[in-house]
Amino acid sequence: MPSLSDWTVTWACVTSQSASHVAFGTSVFLVSTMEMEQEKMNLSKELSPDSASYNCSACHGDETWSYNHPIRGRAKSRSLSASPALGSTKEFRRTRSLHGPCPVTTFGPKACVLQNPQTIMHIQDPASQRLTWNKSPKSVLVIKKIRDASLLQPFKELCIYLMEENNMIVYVEKKVLEDPAIVSDENFGPVKKKFCTFREDYDDISNQIDFIICLGGDGTLLYASSLFQGSVPPVMAFHLGSLGFLTPFNFENFQSQVNQVIEGNAAVILRSRLKVRVVKEPRDKKTAIHNGLSENGLDTEGGKQAMQYQVLNEVVIDRGPSSYLSNVDVYLDGHLITTVQGDGVIVSTPTGSTAYAAAAGASMVHPNVPAIMVTPICPHSLSFRPIVVPAGVELKIMLSPEARNTAWVSFDGRKRQEIRHGDSISITTSCYPLPSICVCDPVSDWFESLAQCLHWNVRKKQAHFPEDEEDQDEGDS
C-alpha cells in the first residue's frame, strides 16, 4: 500500500492535436508513483497517431475530438444563440466528477492553452495559464456596442489596423455597419467593403473565427458568448462601456496589446459556462412536428420541445409580471432540495457571482473556482441563504404543483420566455468555457476589477493613536 507521500495530483487529459500539445482539463485524480509509468504507457497509446479520436469519460462520451480533424462544438445549424437540444439518442447528462466537466481547451480553429510538456503534472497555478496558437490567427470577430457614438472612432481605428497592418479578415455584425455615422463616412468606405458580415441567429461563423475583440462593456462579452454554443475563440475585451468588470484592457495602447495576443504572449482565464436545457410541454397547435423537428426549429423529444443554451453569467427564474410569489421546486441530481417562494432564484457561474447574484447577496467567487451558485431573489424566508454547490451537479427547476402563477426565465438577460406547469429547466456546467484574455493574470485582474469597478472593501482607514497616548498607556500598565 503506497503512503500519502507516494501520491500526486494530476490533471485528466481530454484532448490533443499532437503529442506536443496535450490539453488537460480541470478534473483531477490521484495516481500513485508506482502507477505513473503504467499511466504514461496507457496515455501514450491513447495519444498515438493510430488513435482516431478521444472521448472524454467525464462527459460520458458526449464530446469527441479527432486528432486530425477535431470536432469543435455542435454541427452547423441555423441559429447561433440557441442550439437545438440533444435528441433522444443522447440524454442531458452531467459529468461523473463533482469538480465539473473537463473543459475543452482548444478555442476556435487555432488557439489552445499552452500546457506543461509533461503528461502527468501537478495542478497548474491559475496565474500561469497562457494562450498559444497552433497556427497564426487570420480572422477576427469585432463586436462593438451598438447605439454608442463614442465607439465609432475606436472601432474604425481597430478595424483599419487589423486589416491593413496585420492583413487579417475582419468579421462584424451586419447591423453594426448600418449605423448612419459609418454609412455616411466616405473615408471609411473602402475598408467597409472588405468586411465579412453576419446576422445573429442566421449565419453560423463558429468555425471561421480565430479570436474575438470586444469594444464596449460587459454586455459585449456576454453577447460574444451567446454567439458560440460550442467552442469559443479567445476573447480580448476593451473597456469602453460603463462598468467594465469583464473588460480589463484599455484602448489607448491597443496596437501593442493586440500584437501580444496575436504572437501568443498573453495570459488567459477560462470562465466556465452553464449548459442549460429547457424542455416545454407542447401547447401551441401551430407548431406541427415534421421528422422530429417543429416548425420553429426546436428539437422535439417525446412530443416535447427542447432548447439548449450556453450561459456565461446566470440563469434567472422570476415571477415576471405576476403579483404573486414565484413558487418553484429545485432538484439537485434528481433529489428535491428546496422550494423557492419569493421573487425568484438565480443560478450563476463564478463569473456571474459578481453580477446579479452579488446584488442579491451571494458571495463573490473567483472564476477559477469550479462551482455553481444558487441565490434566492427576495425569498419569503429569513433562513434562505445563498448556497454554492459543486460544478458537476445537475440542477433541475420546475414550477411547484401549488404554484399560483407561471414563471419566467432568461439567460444572461436574453431569450426571456415563460415557464408553465410541466416545463423544466436543467442546468449543469458546460465543457465549453469562455477563454478571456488577461492584462496581467487571472488573479491580479480579478482583484483589480473588484477594487476599480465594485470598490470592494473601500472605507476610510482607522486613525492610529498619537505617540504620546501610546507612551501613556504603556506607563499605566
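**Figure 1. Overview of the protein chain, with 9 helices and 29 strands.** The model shown here and in the following views is predicted. Buried residues account for 52% of the 477 residues in the protein chain. When contacts between residues at least 6 apart in sequence are considered, 71% of them join residues at least 24 apart. The accessible surface of the protein chain is about 23400 Å², and carbon and sulfur atoms contribute 51% of this area.

**Figure 2. Close-up of the largest nonpolar core, which contains 38 residues.** Phe-155, Leu-162, Phe-195, Ile-213 and Val-258 are the residues that touch the most other members of this core. Helix H2, spanning residues 152–165, supplies the largest share of the core, with 7 residues. In soluble globular proteins, nonpolar side chains tend to be buried together. For Leu-162, neighbours within four places in sequence are left aside, and the remaining contacts are with Val-140, Val-142, Asn-167, Met-168, Val-170, Ile-213 and Val-258. A second core of 28 residues, separate from the one above, has among its members Val-276, Val-345, Val-374 and Ala-403.

**Figure 3. Close-up of helix H5, residues 218–227.** Because 9 of its 10 residues are buried, helix H5 is largely enclosed by the rest of the structure. The buried residues of H5 are Asp-218, Thr-220, Leu-221, Leu-222, Tyr-223, Ala-224, Ser-225, Ser-226 and Leu-227.

**Figure 4. Close-up of strand E26 and its partners E20 and E27.** Strand E26 covers residues 407–411 and is mostly covered, with 4 of its 5 residues buried. Strand E20 (residues 314–318) runs antiparallel to E26, and 4 bridges join the two. Within this pairing, Val-316 has Ser-410 of E26 as its bridge partner. Strand E27 (residues 414–419) is also antiparallel to E26 and is joined to E26 by 4 bridges. Phe-411 is placed opposite Arg-414 of E27. The hairpin formed by E26 and E27 has 2 residues between the strands, and Asp-412 in this hairpin adopts a positive phi near 55°.

**Figure 5. Close-up of the salt bridge between Glu-200 and Arg-414.** The count of salt bridges comes to 10. In the pair shown here, the side chains of Glu-200 and Arg-414 meet at 2.9 Å, N to O. Glu-200 belongs to the loop between strand E11 (196–198) and strand E12 (211–216), whereas Arg-414 belongs to strand E27; the pair therefore links distant parts of the chain, 214 residues apart. Glu-200 counts as buried, at 14% relative accessibility. Arg-414 counts as partly exposed, at 27% relative accessibility. Arg-414 is also the residue of E27 that stands opposite Phe-411.**Figure 6. Close-up of the salt bridge between Glu-281 and Lys-304.** The side chains of Glu-281 and Lys-304 meet at 3.4 Å, N to O. This pair links distant parts of the chain, 23 residues apart. Glu-281 is found in the loop between strand E15 (274–280) and strand E16 (289–290), and Lys-304 is found in strand E19, residues 304–311. Glu-281 is partly exposed, with a relative accessible area of 29%. Lys-304 is likewise partly exposed, with a relative accessible area of 30%.

**Figure 7. Close-up of the salt bridge between Asp-343 and Arg-319.** The side chains of Asp-343 and Arg-319 meet at 2.8 Å, N to O. Asp-343 lies in strand E22 (residues 335–348) and Arg-319 lies in the loop between E20 and strand E21 (326–332), so the salt bridge ties together parts that are 24 residues apart in sequence. Asp-343 is partly exposed, with a relative accessible area of 23%. Arg-319 also counts as partly exposed, at 24% relative accessibility.

**Figure 8. Close-up of a nonpolar surface patch of about 490 Å².** The patch is made by Leu-243, Met-364, Val-443, Phe-447, Leu-454 and Trp-456. Met-364 is located in the loop between helix H7 (356–359) and strand E23 (371–379). With a relative accessible area of 31%, Met-364 is partly exposed. Met-364 qualifies for the patch because residues with over 30% relative accessible area are admitted, and the value for Met-364 is 31%.

Notes:
Residues numbered from 1 in each chain as written. Predicted model: local features only at pLDDT ≥ 70, side-chain atom pairs only at ≥ 80, totals over all residues. Heavy atoms only, no water. Core = buried A, V, L, I, M, F, W, Y, C linked by side-chain atoms within 4.5 Å. Buried < 20%, exposed > 50% of the residue type's maximum accessible area, 1.4 Å probe, protein only. Contact = heavy atoms within 4.5 Å. Pairing = 2+ DSSP bridges. Patch = residues over 30% accessible without salt bridge, like charges linked within 9 Å, V, L, I, M, F, W, Y side chains within 5 Å. Areas by Shrake-Rupley, 256 points an atom, 1.4 Å probe, with all protein chains shown as cover. Salt bridge = Lys/Arg side-chain N within 4 Å of Asp/Glu carboxyl O.
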